[in-house]
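Here is a friendly briefing to read alongside the chain you are about to see. Keep the viewer open and follow the topics in any order you like.

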Amino acid sequence: MKNPQSSSSMSNTNTNDEESLTPLIPGLPNDIASTILSMVPFSHHSRIKPTSKSWAHLLSSKHFLSSLRRRNHLLCIFPQDPSISNPFLFDPFHLAWTPLPPTPCNPSVYGLCNFSAVHVGPDIYVIGGSLFDTRSFPINRPESTDSVFRFSLTDFAWEPVAPMLSPRGSFACAVVDARGIIVAGGGSRHTMFAAAGTRIRSAERYDVKNDKWEAVEALPGFRAGCVGFMVGGENEKEKEFWVMGGYGASRTISGVFPVDEYYRDAVVMNLKGGDGEVWREAGDMWGDGERERIGKIVVAEDEGHGWPGVFMLDGNIIFRYDMPSNRWLYESRVPRKAPYSSPFGFVAVDKELYVLAHYCVDLIETRRPRQHKRAGTMYIQIYNPKKKTWRSLVTKSPFDYPMDVGSAVLSSICL
C-alpha cells in the first residue's frame, strides 16, 4: 500500500517538472523566453500570469524575481489600517497600481497606525504599530502591538511571523542586510492623539532565516517617534545603525496640558564593532531656536560620499544631513504646496526624493443625473539630489476617498 504523503509529493514534483519543460513561448528556448519576460515590469505581472500555467509558475518563482536585477522600483502605500484598507504597489515609471490583499484581521483590535513597513528580498514586512483593543479598559486608550506580518511577492499572500519581544509603535527601524532587521525605541502613541502614550528604550534584531527576534543593547534613554537608518555597506568594515530625533520625557503646562521634550541628537550603534554592539551619542544636530523637532526623514542610496544621502522634509523645505559637521543644511524648496496646507508624504525611490500630495474631488456623472463619483489624484513632485532639479508627476489614484498621505506609511521596494 502506497503512502499518501509520498504519492502527493511525487505528484507535486511531476507537476513542477512538467511546468519547467513546457515551452514559455513556442519556438523559443525557455532561457530566452524567461529573459524576455523579465523585461515586463513587475506591476504588470498580475495581468500576464493568467496567460498560461507555465507563465504563472515562472513569474511566481523566487529565482525569477531575483533575476530582475533591481530594475523595478516600486512604492508601497499603506493609506490606513492594512487589515481593513488594501495597501497598493505603485510603479512610478509605468503609472501602474497593483492592489495587495489586506493583512490578517483580528476582530478584537482596530485602527493600526505608526507601524513600519520594510522589504527584504521578495518580502514586505509590516512591523508593530499602535492600535485600539476592545478587550482592554479603558477602551479608548491606544496600545502598542508586537505583531509582525510578512507579505510574499511570489505567493502574493500575508502570513504572521514571530512577534517582537517588546510591543512598540513609532519606532526606529532599518534593514541590516538580506538576513536581518533591527528596531529600537518606540511607544504606544496613536495618530488620533497629539500627546501621551508610553515610551520604551529596548532594541532587538530579527533573523529572517530563522524567524527569531533577539535583544540587543537598549537605547541610552527612552525614545519614541524616532527614525532609523543604516550607514555602511555589506563589505565595509563598519556598519552603523543610526537613530535620530524623537521624543522622550514630557512636561505639563499649568499641570494639565502634556508637552513632549524632543531630542535634538542622534545615537549610533556599530554593528561590526570589536567592542560589541554599544551605543554612542552623535550630539545635537541643531542649536537653540533653529527648530523644535525633526521632520520627515528619508535615506537615498550612497552616492560615493562614504555615507548615504539623508534628507529631511520640514514643511515645504528639504534639508540634507551633513555627517562630518553633524548639521542639517538647506537643500531645496518644494515648488508647489500641498492643498489646504495638509502635510506631504515623503519617500526615497531610486535615488530620488518623492514628495506626495493627494487630491480627492467629486465628479458629476452627466449621463446619470444625481449620481456623484469621487476620483482621487496623486500629485508627486520629484527631486533629484544629484542634478538639483525638480519634475512632477500626476496620476489617477485608486483612493477615491480623502486620504491623509502625510500619516500614510510609505515604503520603497526594489526588485
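In this predicted model, strand E15, spanning residues 227-231, is mostly covered, with four of its five residues buried. E15 is joined by five bridges to strand E16 (residues 240-244), and the two run antiparallel. To find the register on screen, start at methionine 230, whose bridge partner in E16 is phenylalanine 241.

**Another antiparallel pair: E11 and E12**

- Strand E11 (residues 172-177) is largely enclosed by the rest of the structure, because five of its six residues are buried.
- E11 pairs with strand E12 (residues 180-184) in the antiparallel sense, over five bridges.
- The link between E11 and E12 is a hairpin of two residues.
- Across this pair, alanine 174 stands opposite isoleucine 182 in E12.
- Leading into E11 from strand E10 (157-160) is a loop that holds serine 170.

**The chain as a whole**

- The chain has five helices and 29 strands.
- Of its 415 residues, 47% are buried.
- How much of the contact network joins residues at least 24 apart in sequence? The share is 52%, counted among contacts between residues at least 6 apart.
- The chain exposes about 21500 Å², and 52% of that comes from carbon and sulfur atoms.

**Where to trust the prediction**

- Mean pLDDT for the chain is 84, with 86% of the residues at 70 or more.
- Residues 1-18 have pLDDT below 50, and beyond near neighbours in sequence this stretch has one contact in the model.

**The annotated F-box region**

- An unreviewed UniProt entry carries the annotation "domain: F-box" for residues 26-65.
- Over residues 26-65 the chain is 60% helix and 0% strand.
- The C-alpha atoms at the two ends of residues 26-65 are 22 Å apart.
- Serine 43 sits in the loop between helix H2 (30-38) and helix H3 (45-48).

**Two buried serines with polar partners**

- Is serine 43 buried or exposed? Serine 43 has a relative accessible area of 5%, which is under the 20% cut-off, so it counts as buried.
- The side chain of serine 43 makes a polar contact of 2.9 Å with the side chain of aspartate 91.
- Leaving out residues up to four places away in sequence, serine 43 touches Asp91, Ala96 and Thr98.
- Serine 411 belongs to strand E29 (residues 409-414).
- Serine 411 is buried too, at a relative accessible area of 7%.
- What does the side chain of serine 411 reach? Its target is the backbone oxygen of alanine 117, at 3.1 Å.
- Beyond neighbours within four places in sequence, the contacts of serine 411 are Leu74, Leu75, Cys76, Ala117, Val118 and Val347.

**Positive phi outside glycine**

- As background, most residues other than glycine have a negative phi.
- Serine 170 is not a glycine, yet its phi is positive, at about 55 degrees.
- Serine 170 is buried, with a relative accessible area of 16%.
- Aspartate 350 also has a positive phi, near 50 degrees.
- Look for aspartate 350 in the loop between strand E25 (345-349) and strand E26 (352-364).
- Aspartate 350 is partly exposed, with a relative accessible area of 32%.

**Arginine 336 and its surroundings**

- Arginine 336 lies in the loop that runs between strand E24 (327-333) and E25.
- With 43% relative accessibility, arginine 336 is partly exposed.
- Which residues does arginine 336 touch, not counting those up to four places away in sequence? They are Phe344, Tyr359, Tyr379 and Gln381.
- Arginine 336 and asparagine 316 are 20 residues apart in sequence, with 8.3 Å between their C-alpha atoms.

Notes
Residues numbered from 1 in each chain as written. Predicted model: local features only at pLDDT ≥ 70, side-chain atom pairs only at ≥ 80, totals over all residues. Heavy atoms only, no water. UniProt positions renumbered as here; feature names shortened; annotations may be inferred. Buried < 20%, exposed > 50% of the residue type's maximum accessible area, 1.4 Å probe, protein only. Pairing = 2+ DSSP bridges. pLDDT = per-residue confidence, 0-100. Contact = heavy atoms within 4.5 Å. Areas by Shrake-Rupley, 256 points an atom, 1.4 Å probe, with all protein chains shown as cover. Polar contact = N/O pair within 3.5 Å; in protein donor to acceptor, adjacent residues only side chain to side chain.
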